[in-house]
Structure formats: C-alpha cells, structure tokens
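Thanks for coming, everyone. I'll put the structure up and walk you through a few parts of it.

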Amino acid sequence: MAGEPALEVVGIDKWFGANHANRGVSLRVERGTIHGIIGENGAGKSTIMNIVYGFLRPDAGEIRVGGRRVTITGPRDAMACGIGMVHQHFMLVDTFTVLENVLLGVEGGARLRPGLERARADLLRLEREFGLEVEPDRPVGDLPVGARQRVEILKALHRGAELLILDEPTGVLTPQEADHLFRVLRALTAAGRTVILITHKLREIMELTDAVTVMRAGRVVARRATAATGREELAELMVGRKVPLRVDKRPAAPGPVVLAVEGLRVTDGAGVERVRGVDLTVRAGEIVGIAGVSGNGQSELLEALAGMRPAAAGTVRLGGAPPARLDPRALRRRGVAHVPEDRQRVGLVTAFAARESAILGYHDDAAYNGRVLMDGRAVRAHCAGLMDAYDVRPRAPDLPTAGFSGGNQQKLVLAREIERNPDLLLVGQPTRGVDIGAIAFIHKRLLALRDAGKAILLVSAELEEILTLADRILVMVDGRIAGEVAPADADERRLGLMMAGAG
Ligand SMILES: Nc1ncnc2c1ncn2[C@@H]1O[C@H](COP(=O)(O)OP(=O)(O)OP(=O)(O)O)[C@@H](O)[C@H]1O
Ligand SMILES: [Mg+2]
C-alpha cells in the first residue's frame with residue numbers, strides 16, 4: 001500500500017563529541033517501496049540508520065514504525081519492531097553453516113533439533129519466495145561474497161524483518177551479483193516489505209528506488225520521487241554544486257617496463273593456491289586494470305606484489321633490476337606504494353589517530369623523526385596537508401581513525417600512498433565507499449600520477465572504474481590471467497562474461 005508509512009524519523013540529532021553528525025533529520029519511507037539514501041561521505045547516512053537499528057542512541061528526536069512511536073535501545077528492539085539491517089562488513093561465523101548462522105542469536109538457538117527443522121523449512125520458504133538461493137548446509141566460509149550477503153538477508157527475514165536496511169550493499173559485489181540482489185529487493189517490495197538502500201551509485205538509485213532522500217552535512221536537504229529526478233540533479237543536491245560525471249583522459253604514453261611479473265604463484269593461509277602462474281608487465285605512464293569476480297586471486301596477487309603475503313613461486317622485477325625481495329619495507333624504499341583493498345584490515349589501524357594512520361608504513365622516514373622521538377608537529381602538519389588536499393572530513397588529525405566515515409578513511413589511505421609520488425602504485429578498490437565528488441577527484445589524481453610517468457596496477461570490482469581508468473585490461477579468472485582487452489573494445493557486458501569465465 002503505497003503512501004502508508006513503514007518508517008518515520010522525526011527530528012533526530014546525534015553528536016559525536018563536538019561533531020554534529022545528524023542535525024534534525026526527518027524522513028519518511030512508504031511501505032512496499034525501495035527508498036534510497038544518498039549523500040557525500042560523512043553526510044550522516046550510516047549514523048541515522050544505525051540509530052534506527054539501535055546501534056546508536058540519538059540525542060533527540062523520535063522514530064515511528066507503522067505510524068506508532070517506538071523506543072529502540074538496541075538491535076533487539078529494532079528486530080522486535082520488524083527492522084533488519086545488512087551491514088557492509090558481514091557479521092557471520094565462517095565455520096558455521098548457513099542454517100546455523102541464520103539461527104544464531106535467535107531464541108532457542110541452533111542446539112534445539114525441532115527449532116532447527118522448523119528453521120530449515122522457513123529458510124527454504126524464504127529462499128523460494130524471494131529468490132535467495134543458498135545451500136543451508138554449506139559452511140558460510142566457503143561462500144562467495146554475494147551468497148554471504150543473501151545469508152545476512154535471510155537472517156533478517158527469518159527474524160521477521162518487514163523493513164530491511166542495506167548500507168552500501170553492492171560495494172563488494174560483481175555486476176551479476178548486484179543484479180541478483182536487485183531482483184531479491186524487488187521481490188521483497190512486491191510482497192509488501194520495505195527496503196532502505198544507502199548507496200553512492202546513482203545508477204542504482206535510478207534503476208531501483210521509488211524515492212530518494214538526500215543528505216548533506218548531517219541534514220536532509222531534499223527528497224525526490226525517483227521518476228521526477230535524474231543523476232545530474234541528484235549529484236548536485238548531494239554536493240551542493242555541479243559535479244562532472246565524467247573525467248577527461250588523455251591517451252597514455254607508455255614508457256619502459258616498471259613492473260615485470262613472471263610465473264607468480266601465491267598460496268593462501270589455508271594452503272589453497274590463489275594465484276596460479278601470473279605473468280604481467282606494467283609500464284611507466286600506464287594504468288593496467290585487473291578485472292575479475294572477487295575471489296579469483298586479484299587480492300592475493302596485489303598483496304603478494306606489495307610484500308604482504310609470501311609468493312610461492314615466480315619472479316618480480318622492478319625497473320629491470322634483478323628479482324626484487326618482496327618485503328613491504330624494501331618495496332616502499334624502491335618506490336612502490338600500496339593501497340590495499342581492505343583498508344579496515346590492512347590499510348589502517350582504526351584505533352590510531354588519523355595523523356598516525358597518515359604515516360603508517362612510513363614511520364622510519366627522516367622527516368617525521370626527531371632525534372629520539374617522532375616529531376609530533378611534523379606528523380600532524382603532514383596529516384593536515386593530506387586532509388586539505390583530499391578533502392578528508394572532519395579535518396581532525398587527532399581523531400581516532402574509526403571516527404571517520406568509511407569514505408573518509410579511504411581518502412586518507414589514498415592520500416598517504418599517492419602523495420608519496422611512487423614509481424609504482426599498487427591499488428585495490430580505490431573508490432570503494434567513496435562519494436561521487438570524491439570519485440571524480442581520485443580518478444583525476446590517479447590519471448595525473450599516470451601522466452607524470454608513473455606505473456599503476458589497479459584492481460577494481462567496479463567495471464565502470466576499470467573502463468574509465470585502465471589503458472589495458474587484464475581479466476583474472478581462477479588465479480590466472482584469462483585474457484587482455486583494450487578498453488575501447490570492452491563494454492561492461494563483455495567484461496562481465498569474460499569474468500564469469502564465459503568470454
Ligand atoms: N563512532 C564515531 N565517533 C566519532 N565520530 C563519528 C563516529 N561515527 C561517525 N562519526 C562521524 O559522524 C559523521 C557522519 O558519519 P557517517 O558514518 O554517518 O557518514 P556516512 O554518510 O555514512 O558516510 P560514508 O558515505 O563515508 O559512509 C562523520 O563526520 C563521522 O566522522
Ligand atoms: Mg556510511
């Protein structure tokens with residue numbers, strides 16, 4: 001029943017110390033619709049939804065579910081109100097099966113047989129009804145990321161979620177997985193459930209949502225019926241000025257080979273070979289993009305090249321020199337910089353202040369070292385400079401890294417690595433979770449680095465990004481390079497098929 005409210009948020013305020021993250025936020029989501037929430041990094045999107053789900057307590061304001069005021073003091077209250085949330089970082093136990101994960105934390109738990117059988121029946125019913133195929137008895141650790149996400153959704157639905165909140169759900173998905181998710185979301189709303197979707201991808205907003213709420217600097221600045229707006233207007237509403245949705249790119253002028261990889265093999269912690277004999281070169285002044293469904297060895301390839309993971313076989317040469325020792329420090333000293341895919345796990349220490357994160361890995365640089373102790377002033381000034389250049393908000397070198405929104409953490413890592421002016425930049429998912437204004441900015445920076453004659457090896461799950469940036473595209477399937485395409489000959493469909501091993 002369109003028009004009837006599933007959720008109303010009225011005048012919510014939220015402070016983090018002196019940071020006013022939500023300022024009188026009011027929004028309304030109609031039952032049976034998909035409602036988009038967009039806004040720049042740090043606009044307060046995750047904060048307001050974490051309040052609705054009971055992860056955070058608001059300082060003022062109220063929440064109404066189905067027209068009734070409710071008090072939500074934790075996720076349990078939210079669930080009791082029929083609210084479920086799927087997080088960017090999944091909260092599943094790898095060694096448990098799908099069924100056990102769905103049951104985890106529910107009254108009775110996984111130990112009770114009758115409960116288990118009833119849950120299995122419910123799971124199968126939900127899978128059928130909403131197209132959420134996953135095998136109930138598979139351990140979650142074996143599943144690709146798209147399937148894990150479906151487990152999270154099943155878990156919420158099994159607990160009776162009528163309203164499902166998804167915070168940037170497609171950041172880690174392939175285009176095919178994202179299409180699958182969209183079919184699920186449409187099936188949910190067709191059955192009268194309600195979906196809130198936080199995303200930076202305006203294409204998803206246009207394709208999927210019925211209405212969209214725009215946030216900027218803690219406030220709601222606009223609401224539109226999706227049919228009555230477009231990408232340009234939404235971009236402008238988010239940023240407060242016109243944003244170009246395309247970057248200009250000059251043709252590449254490749255120079256000598258900077259990186260030459262031969263026969264590289266990498267084995268993961270469990271002894272499984274993830275990179276199975278990769279040869280590739282990257283020249284000065286070019287961006288080589290690696291496209292692939294996540295989990296096909298791209299991450300391990302990048303990590304091995306950065307010295308974060310041992311290579312089992314093969315050689316890696318930098319600038320024609322004898323094979324390099326793959327050790328992070330030695331590599332850094334030879335002009336290799338690395339933006340890891342998973343900033344939370346390896347790019348940052350979230351408990352550290354931003355100023356420390358801004359020099360992570362470069363602590364032994366003379367510029368930051370006084371005679372005995374680190375020169376605190378130099379470090380802080382360096383961090384403030386990076387924050388200005390990359391528009392990291394808030395400009396607070398002393399704030400713990402965890403206090404920055406996802407996109408702002410990402411900008412901090414990129415600033416640190418790009419501004420070293422490396423000869424070779426290894427970069428994974430550079431714009432994951434980053435807002436459109438910042439994406440254009442980061443793309444420009446990467447192209448500028450290329451135009452300055454530097455070599456860039458780019459791994460990205462965003463085909464649009466690979467097509468925008470790469471001068472050559474390598475497709476990785478099952479630990480091997482399955483083919484090379486020139487961007488001019490590639491479109492998203494063709495690449496998607498190659499990535500699926502069907503090209
Ligand atoms: N735990 C926290 N402690 C301190 N400040 C925080 C905390 N969580 C969020 N903030 C601040 O609140 C503001 C809003 O952050 P929020 O995570 O809601 O942004 P967002 O719109 O989700 O951004 P993004 O698109 O980058 O995910 C930001 O300024 C952020 O730095
Ligand atoms: Mg967020």
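**A walk through the model**

Let's begin with one pair of strands. S13, residues 287-291, and S17, residues 455-459, pair in the parallel sense, with four bridges between them. If you want a residue to look for, take Val-288: its bridge partner in S17 is Leu-457. And before I go on, please keep in mind that this is a predicted model.

Now zoom out to the sheet around that pair. Six strands make up an open sheet, and the order across it is S15-S16-S17-S13-S18-S19, with mixed pairing. Which strands stand at the edges? Those are S15, at 336-339, and S19, at 480-485; each has a single partner strand, so one side of each is left without a neighbour in the sheet. From one strand to the next, the twist averages 20°. There's a helix to add here too: H14, residues 406-418, lies across S15 and S16, the latter being 424-428, and runs at about 175° to S15.

Next, a residue that ties back to our first strand. Ile-466 sits in helix H16. Buried or exposed, at 0% relative accessibility? Ile-466 counts as buried, because the cut-off for buried is under 20%. Leaving out residues up to four places away in sequence, Ile-466 touches Gly-289, Ile-290, Ala-291, Leu-458, Ser-460 and Ile-473. Take Gly-289 from that list: Ile-466 and Gly-289 are 177 residues apart in sequence, yet their C-alpha atoms are 5.8 Å apart in space.

H16 also brings us to a pocket. The second largest pocket holds about 660 Å³ of space. It has 29 lining residues, and the closest to its centre are Lys-201, Ile-436, Ile-439, His-443 and Glu-464. Three elements give two or more residues to that lining: H7, H15 and H16, which covers 463-469. Which element gives the largest share? That's H15, with four residues.

H7 and H15 turn up again when we look at helix H8, residues 231-239. The buried residues of H8 are Leu-234, Ala-235, Leu-237, Met-238 and Val-239. What do they pack against? They pack against helices H7 (202-208) and H15 (436-451), and also against strands S3 (34-39), S9 (211-216) and S10 (219-225). Just after H8 comes Gly-240, with a positive phi of about 85°.

Over to another sheet now. This one is open as well, with four strands in the order S2-S1-S4-S5 and antiparallel pairing. At its edges stand S2, residues 19-30, and S5, residues 68-70; each has a single partner strand, so one side of each is left without a neighbour in the sheet. On average, and ignoring direction, neighbouring strands here are turned by 25° against each other. S1, residues 5-16, runs antiparallel to S2, and eight bridges join them. Within that pair, Trp-15 stands opposite His-20 in S2. Helix H1, residues 45-52, packs on this sheet and touches S1, S2 and S4 (60-65), its direction making about 115° with that of S1.

Last stop, the cysteines. How many disulfides are there? With sulfur atoms required to be within 2.5 Å, the count is zero. Two cysteines to look at: Cys-81 counts as partly exposed, because its relative accessibility is 24%, whereas Cys-383 counts as buried at 0%.

That's my tour, thanks for listening.

Definitions and conventions: Residues are numbered from 1 along each chain as its sequence is written. Chains are lettered from A and ligands numbered from 1 in the order in which they are written. This is a predicted model: local features need pLDDT of at least 70, side-chain atom pairs count only at pLDDT 80 or more; totals for chains, interfaces and linings use all residues. Side-chain values use heavy atoms; hydrogens and water are left out. Two strands pair if DSSP finds at least two bridges between them. Axes are lines fitted to C-alpha atoms, for helices over the stretch in contact, and angles run from 0 to 180 degrees between N-to-C directions. Contact means heavy atoms within 4.5 Å. Buried means under 20% relative accessible area, exposed over 50%, partly exposed in between (1.4 Å probe, protein chains only). On a 1 Å grid over the protein atoms alone, a cavity is a set of points where a 1.4 Å probe fits but cannot get out, and a pocket is an open set with protein on both sides within 12 Å along at least five of seven lines; lining residues have an atom within 4 Å of a point. Grid points are joined across faces, edges and corners, and a volume is the space filled by probe spheres set on the points.
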